[in-house]
Amino acid sequence: MASRTLGFMSAASPAPNGKRVLLAKPRGYCAGVDRAVVTVEKALEKYGAPIYVRKEIVHNKHVVETLRKRGVIFVDETSEVPEGALVVFSAHGVSPAVHAEAAARNLRTIDATCPLVTKVHKEVNRFARDDYDILLIGHEGHEEVEGTAGEAPDRVQLVDTPEDVDKVTVRDPSKVVWLSQTTLSVDETMERVRQLKERFPELADPPSDDICYATSNRQSAVKAMAAECDLVLVVGSRNSSNSKRLVEVALQAGAKDAHLIDYAREVDEEWLQDVETIGVTSGASVPDVLVLELLDHLAERGWKDVQEVTTANEKISFALPRELREEKARSGVR
Ligand code: SF4
């Protein structure tokens, strides 16, 4: 690994060649992703391969490929899982219909849904019980949105684009609430809420933020450094909502250029032309080893000085699903 300085260079004392990396903190794995990945690893140890996982356990190519090599079979639907086999539900959550289908097929299940996604599911249930119309801000087709909306499909309407705001119809404008996907752009979501409130002034807010701490912290860290960056590189996969949002946030916050990459080898040499300051961050489903590989790649090209830009220290962790908890306590694994 090439040598580099981490956290010691100041913005006022750039490297002699003017090349520096600003490394966002927090970045990478959040508590929900860590829990989901460890859940699959522990399930493999406890029950042996093959383990079935419905959808990608987290939206990261590297993580999925690594688990596939260890004996995980990823499927799109529970109908692809042999009767009686073990299936893990991904961090993005599933609707009650998926649970029911798994039960009907006698599947053994472990639910790795992030507790912060489960929190939004519970909000949907609560507001549906109180007979509210629920406006769910989120990206059409995203697994999390499908699972959340599936809690009360006859009460939930999806609001993705500004045009969707005009299409919404509600039964009683005094009983409408907005909720959201956990991995959206904070600023864009608040803009959508503003538009919705123009139509429905009595629109109720969620009891607490649905956009999770990890999403908003990673966006804040990128915002803090973007204006100083000629280029921001976000490590993350194309199907990762929070990673894609980091690219958008970087550009909106003043970065001259920004790209999403799965691996260091995807850095286009042309992006580096006439660039001095490079911002680096990663989505919530990205193991830090991929960021370290990127830092090595950049160091080999002259960007040896790395300054960490810290905007928050995260200390959140979640207990493993019930089925694996005892195992965790015995082994002391993460
Ligand atoms: S991004 Fe947020 S909601 Fe999604 S898994 Fe991580 S902590 Fe949970």
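Where is the place of Pro26? Here are a few notes to help you find this and other features in the predicted model.

1. Start with the prolines. Pro26 sits in the loop between β2 (20-25) and α1 (31-47). The peptide bond leading into this residue from Lys25 is cis, with omega near 5°. Now look at the loop between α1 and β3 (51-54), where you will find Pro50. The bond from Ala49 to Pro50 is also cis, and its omega is near 0°.

2. Next, try the open sheet of three strands, ordered β8-β7-β9 with parallel pairing. Its edge strands, β8 (156-159) and β9 (176-180), each pair on one side only. From one strand to the next, the twist averages 30°. Four bridges join β7 (residues 133-137) to β8 in the parallel sense, and Ile134 stands opposite Val156 in β8.

3. Helix α4 (residues 115-129) lies across β7, β8 and β9, and runs at about 170° to β9. In the loop between α4 and β7 comes Asp131, which has a positive phi of about 65° although it is not a glycine. Asp131 counts as exposed because it has 10 C-beta neighbours inside 10 Å.

4. Asn106 is not a glycine either, yet its phi is positive, at about 60°. Look for Asn106 in the loop between α3 (96-104) and β6 (108-111). Asn106 is exposed, with 10 other C-beta atoms within 10 Å.

5. Finally, check the confidence. The mean pLDDT of the protein is 93, and 93% of its residues reach 70 or more. Over residues 1-5, however, pLDDT stays under 50, and over residues 327-334 it is below 50.

Terms used:
Residues are numbered from 1 along each chain as its sequence is written. This is a predicted model: local features need pLDDT of at least 70, side-chain atom pairs count only at pLDDT 80 or more; totals for chains, interfaces and linings use all residues. Two strands pair if DSSP finds at least two bridges between them. Helices (H or I, at least four residues) and strands (E, at least two) are DSSP runs, numbered from the N terminus. Axes are lines fitted to C-alpha atoms, for helices over the stretch in contact, and angles run from 0 to 180 degrees between N-to-C directions. Two residues are in contact if their C-beta atoms, placed from the backbone, lie within 7 Å. pLDDT is the predictor's confidence in each residue, from 0 to 100. A residue is buried if 20 or more other C-beta atoms lie within 10 Å of its own, exposed if 12 or fewer, and partly exposed in between; C-beta atoms are placed from the backbone.
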